[in-house]
Amino acid sequence: MIEILDEKIFHLYNEKISYIFYVMENQQLGHLYYGGALGAITADELGYFLERENKSAGTVKFSADSGMFTLADRSQEYPVYGTSDFKEGALDIQAADELWYLDFKYVGYEQVAEKKRTLDRPASYACSGEAETLIIHMADTDHHLELVLSFSIFADSSAIVRSQVLKNKGSQVIQLNKMLSGVLELPSADYEFIHLSGAWLKERHIKRRSLEQGTVSIGSLKGASGHQHNPFTALAHKQATLNDGVVYGTNLIYSGNFLVQVEVDEWQRTRLMTGIHPTHFNWQLGHEEVFQTPEAVLFYSGEGLNGLANEAARFAEKHVIDRKWMRKLRPIVFNNWEATYFEFDQEKLTTLAKAGKDLGMECFVLDDGWFGRRDDDRSSLGDWFVDERKFPNGIKVFAEQIHQMGLQLGIWFEPEMVSPKSQLYEAHPEWVVRHPYERTAIGRGQYVLDFSNPEVVEAIYAQLKKIIEETQLEYIKWDMNRNITEAYSTYLKAVGRPQTEFFHRYILGVYHLYECILTDFPDILIEGCAGGGGRYDLGILFYSPQIWPSDNSDAVERLAIQSGTLLGYPLSSFSNHVSTSPNHQIDRHTSLQMRQDVCLFGPLGYELDITKLDDEEKRAIQANIQFYKAHRDLLTHGTFFQLLPIGDTENEVAWAVCNQDRSEWLIGFYRKLAQANPPNVEYLKIPMMDQAKTYLINGAAQVTGGMLKEIGLKKPYVFNGVNHEQMQVSGDFQSAIYHLKEIR
Ligand code: DGJ
């Protein structure tokens with residue numbers, strides 16, 4: 001997978017991609033190519049691309065003795081600003097009040113075959129033989145700095161994973177103003193920048209814009225990856241479609257403040273960079289100290305957006321999320337939040353759990369309100385001991401009751417937060433993230449705990465551990481409901497670290513708590529959540545195989561949220577709960593069928609008062625759960641495709657999943673609004689069907705793959721105002737599920 005030509009050209013390749021970089025005339029690293037596989041290649045052949053005259057007009061040459069050489073017209077692996085390249089760079093350092101113009105020269109390389117999974121920090125991993133890493137050593141001798149650049153390639157993926165380590169060899173303390181993780185240089189600007197953006201209750205909608213000369217960026221400064229933007233982005237070639245054409249993707253294995261920036265220069269070349277957001281970031285590096293960036297992942301697809309989605313999903317499932325979750329069943333969850341909110345006691349919960357069990361559910365998740373004295377969202381965060389008014393016999397007895405019913409138990413925590421009205425706050429007001437100003441911002445009535453302080457993390461873990469042990473817990477819902485403002489840590493002040501390190505240290509503290517839990521309880525399933533989808537990223541997925549993607553559980557709203565999310569993340573990570581109608585967030589009325597059909601794709605759950613259902617609804621839920629169980633693997637780990645153009649304004653949405661040999665498919669078709677007088681029949685093409693095969697549709701009709709590909713499935717409605725008796729689906733918010741099975 002890694003070939004080194006003439007000791008200066010590095011070719012990482014597999015059957016899907018080639019990634020090539022080289023040592024330039026000035027001994028820095030130049031980027032040459034990332035794209036579809038070129039196969040084995042010689043240095044002579046590459047010479048054709050390497051030999052060039054530098055003619056870009058108006059440039060400043062690199063140095064007086066470098067002839068025509070200038071960085072302005074070279075693509076680079078880890079560019080810095082200010083040395084004949086005027087674009088923004090990935091690394092920015094100063095010492096005292098002096099800005100440094102960095103010049104990292106190539107020193108040597110090494111190859112590493114192992115990429116182990118360790119819980120201390122989220123990062124990609126691989127089993128033996130699946131990945132190789134090329135490590136390039138660089139040095140800036142004038143500034144006494146060493147820079148190590150890592151490039152990993154995986155046998156089964158188009159991904160290139162990049163990260164960097166900087167070491168200060170000098171005696172002077174330096175300030176790291178910016179140190180990004182990933183750089184992708186493309187020779188043209190014929191791309192659309194695609195990002196997943198939105199807000200609370202409408203996360204990760206697909207946004208697209210054409211690139212123009214200049215800079216566009218998205219990012220987060222909230223202390224979390226955020227509801228508003230997501231670290232997954234893509235550059236889709238202007239001619240790329242759902243299933244064809246070149247699309248690049250990028251992501252970060254990180255959950256804190258981030259930046260994705262795309263700059264197009266005067267020669268229409270594109271530089272995408274991604275990493276920790278430099279705003280309010282400044283890391284102090286003393287003699288022999290190192291700073292390590294999070295990993296950035298680059299993806300390539302020659303098969304359009306669906307190809308990119310598959311690359312991103314497979315990579316996350318095999319190389320980021322703990323792989324054991326590919327084998328272990330995701331339980332069908334009943335969550336009591338939208339059924340009870342804060343109004344419950346043990347009896348009400350056990351009644352709900354029993355009703356859920358009768359319908360086929362497998363795990364009861366006790367949401368917010370079980371601890372301290374929490375009757376609303378204004379108190380008790382930080383007091384992770386049971387409220388004995390609600391559980392008079394203690395949490396252990398409740399857990400036993402749930403387990404005796406044959407259900408798993410899950411419990412909600414919000415470990416990073418504290419309520420002003422809590423025992424924890426009374427005992428440790430200094431553990432709160434708060435500036436010495438008199439003004440203290442508050443969100444949802446709560447403060448953020450200072451997770452940059454290891455003592456705080458240990459104290460919270462001690463409380464969690466007790467509950468996990470007492471309840472023999474199988475599942476944790478880890479929530480996080482407010483963002484950080486006036487970031488300030490009394491701990492950092494006391495230990496003499498600058499406050500500008502806070503955001504990164506905070507998120508490292510969050511990862512440390514995950515590490516503690518999973519070291520002691522490796523089989524516990526942690527579902528990530530941050531007021532819904534406020535932290536849907538690969539850093540969280542490294543520890544949590546699934547995430548509650550949005551507080552909006554409305555079926556129609558979820559279509560756009562899920563379509564956007566699945567562009568960058570696996571189906572198995574997207575947790576679904578069937579909720580009530582009218583929906584609690586948007587007050588929309590939808591049928592139970594539509595709600596269940598949307599929730600089929602991904603780990604399934606229910607979150608409504610099931611004791612109030614009528615018999616017909618109960619039968620429909622039972623049938624759906626049975627169907628889900630029969631197809632669970634397909635619906636959690638199947639290969640996912642969009643069948644119709646995606647965006648938040650589309651009226652129709654169609655999703656497909658298939659198994660590995662593509663012999664079995666499930667297709668979900670969803671229509672938001674009914675159309676007046678439509679054609680009497682419409683078809684839904686499935687472009688990825690195998691022409692040579694024959695399939696059974698819903699156990700009845702038999703059609704060929706060619707027909708499905710070229711003509712399509714019949715859309716499930718026939719309604720032109722006069723043929724009521726023929727219609728299968730009518731009115732707004734309708735759906736249908738098709739099951740396709742290869743029979744020869
Ligand atoms: C926000 C979550 O997203 C909800 O599902 C629920 O757990 C509430 N918090 C509880 O406060």
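The exercises below concern a predicted model of a protein chain with a ligand.

**Exercise 1. Domains and core**

Task: Determine where the largest nonpolar core lies relative to domain 1 and domain 2.

Solution.
- Step 1. The chain is divided into domain 1, residues 82–319, and domain 2, residues 652–742.
- Step 2. Their C-alpha centres are 40 Å apart.
- Step 3. The largest nonpolar core holds 200 residues, and those touching the most other members are Ile136, Leu166, Leu235, Phe364, Trp370, Ile517 and Tyr606. Helix α10, residues 502–520, supplies the largest share of this core, with 11 residues.
- Step 4. Both domain 1 and domain 2 give residues to this core, so the core lies between them.
- Step 5. Another core, of 21 residues, lies apart from it and includes Cys658, Ile667, Phe669 and Met689.

**Exercise 2. The surroundings of Tyr606**

Task: List the residues in contact with Tyr606, leaving aside neighbours within four places in sequence.

Solution.
- Step 1. Tyr606 is one of the core residues that touch the most other members.
- Step 2. Its contacts are Ile332, Val333, Phe334, Asn335, Met361, His577, Val578, Gln596, Ile621, Asn624 and Ile625.
- Step 3. Gln596, one of these contacts, is also among the buried residues of α13.
- Step 4. Helix α13 spans residues 592–599, and seven of its eight residues are buried, so the helix is largely enclosed by the rest of the structure. The buried set is Leu592, Met594, Arg595, Gln596, Asp597, Val598 and Cys599.

**Exercise 3. The ligand site**

Task: Identify which residues come nearest to the ligand, and state how much of the ligand's accessible area the protein covers.

Solution.
- Step 1. There are 13 residues around the ligand, of which Asp367, Asp368, Lys477, Asp479 and Asp551 come nearest.
- Step 2. A polar side-chain atom of Asp368 is 2.6 Å from a ligand oxygen atom. For Lys477, the distance from a polar side-chain atom to a ligand oxygen atom is 2.7 Å, and for Trp548 it is 3.4 Å.
- Step 3. On its own the ligand has 290 Å² of accessible area, and the protein covers 98% of this.

**Exercise 4. A glycine in a loop**

Task: Decide whether Gly531 is buried or exposed, and find which residues it touches.

Solution.
- Step 1. Gly531 sits in the loop between β28 (525–528) and α11 (538–543).
- Step 2. Its relative accessible area is 5%. The limit for buried is under 20%, so Gly531 is buried.
- Step 3. Not counting residues up to four places away in sequence, Gly531 touches Trp200, Glu203, His227, Asp479, Met480, Asn481 and Asp551.
- Step 4. Gly531 and His227 are 304 residues apart in sequence, with their C-alpha atoms 8.7 Å apart.
- Step 5. Asp479 and Asp551, both touched by Gly531, are also among the residues that come nearest to the ligand.

**Exercise 5. Backbone geometry**

Task: Locate Arg444, Gln472 and Pro582, and describe the backbone at each.

Solution.
- Step 1. Most residues other than glycine have a negative phi, and most peptide bonds are trans.
- Step 2. Arg444 has a positive phi, near 50°. Arg444 lies in the loop between α7 (423–427) and β26 (447–448), and is partly exposed at 26% relative accessible area.
- Step 3. Gln472 also has a positive phi near 50°. Its loop runs between α8 (454–471) and β27 (475–478), and Gln472 counts as exposed, at 57%.
- Step 4. The peptide bond from Ser581 to Pro582 is cis, with omega near 0°. Pro582 is in the loop between β30 (576–578) and α13.

Note on methods. Residues numbered from 1 in each chain as written. Predicted model: local features only at pLDDT ≥ 70, side-chain atom pairs only at ≥ 80, totals over all residues. Heavy atoms only, no water. Domains from an automatic or database assignment. Core = buried A, V, L, I, M, F, W, Y, C linked by side-chain atoms within 4.5 Å. Buried < 20%, exposed > 50% of the residue type's maximum accessible area, 1.4 Å probe, protein only. Helix = DSSP H or I, 4+ residues; strand = E, 2+ residues; numbered from the N terminus. Contact = heavy atoms within 4.5 Å. Near = heavy atom within 4 Å. Polar contact = N/O pair within 3.5 Å; in protein donor to acceptor, adjacent residues only side chain to side chain. Areas by Shrake-Rupley, 256 points an atom, 1.4 Å probe, with all protein chains shown as cover.
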